[in-house]
Amino acid sequence: MATTRIYITTTGSSTWTVPSDFNPFDNTIEVIGGGGGGAGGSYNVGGGRGGGGGGYSKKTNVVLTPGASISVSVGAGGAGGVANAATTGGNGGDTWFDGSSVATSTVGAKGGTGAVQNSSVGAGSSAPQTRG
């Protein structure tokens, strides 16, 4: 039997309907948090810094009911800092599947932190979040 892959890439919250042929004994749900934005460079201070990568998490053999509506949220990448203004990059958004936040989801990943100009690169996200 051929493997079906479904990608949900539009940022923001939405719902996904579990297909009728969903197999609760052979599936993998993977999520990636949005990356943190880079800090803006400054001509008299130096180049900008890179934002932290979004977290990654996966869970296998998730039991879902065919036809059920599942809440999902895809985190956006953080905004970049403004060039020649030495501004901090924005934090990346959290991503989760089957819940209302990373903490309440079946599987979720935190967004990366934005970089701070003249300080350091952004930190990667925290440990993966799974329950069940």
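The exercises below treat side-chain contacts in a predicted model.

**Exercise 1.** Find which side chains meet in a salt bridge, and state which parts of the chain the pair ties together.

*Solution.* A search of the whole structure returns one salt bridge. Its partners are the side chains of Asp94 and Lys110, with 3.1 Å from N to O, and the cut-off to be met is a nitrogen within 4 Å of a carboxyl oxygen. Next, place the two residues: Asp94 belongs to the loop between β4 (69–74) and β5 (95–97), while Lys110 belongs to the loop between β6 (107–109) and β7 (129–130), so the contact ties together parts that are 16 residues apart in sequence.

**Exercise 2.** Decide whether Asp94 is buried, partly exposed or exposed, and do likewise for Lys110.

*Solution.* Buried requires a relative accessible area under 20%, and exposed requires one over 50%. Asp94 has 24% and is therefore partly exposed; Lys110, with 31%, is therefore also partly exposed.

**Exercise 3.** Classify the aromatic pairs that Trp16 forms, and describe how the rings are linked.

*Solution.* The structure holds two aromatic pairs. In one, Trp16 and Phe22 lie 6.4 Å apart, centre to centre, with 75° between the planes; because an angle over 60 degrees counts as edge-to-face, the pair receives that label. In the other, Trp16 and Phe97 have 5.8 Å between centres and 55° between planes, which is a tilted arrangement. This second pair links distant parts of the chain, with Trp16 in strand β1 (residues 12–17) and Phe97 in strand β5, 81 residues apart. Trp16 and Phe22 are buried, and Phe97 is buried as well. Taken together, the ring pairs link Trp16, Phe22 and Phe97 into a cluster.

Methods:
Residues are numbered from 1 along each chain as its sequence is written. This is a predicted model: local features need pLDDT of at least 70, side-chain atom pairs count only at pLDDT 80 or more; totals for chains, interfaces and linings use all residues. Side-chain values use heavy atoms; hydrogens and water are left out. Helices (H or I, at least four residues) and strands (E, at least two) are DSSP runs, numbered from the N terminus. Buried means under 20% relative accessible area, exposed over 50%, partly exposed in between (1.4 Å probe, protein chains only). Rings of Phe, Tyr and Trp (its six-membered ring) pair if their centres lie within 6.5 Å; planes under 30 degrees apart count as stacked, over 60 as edge-to-face and the rest as tilted.
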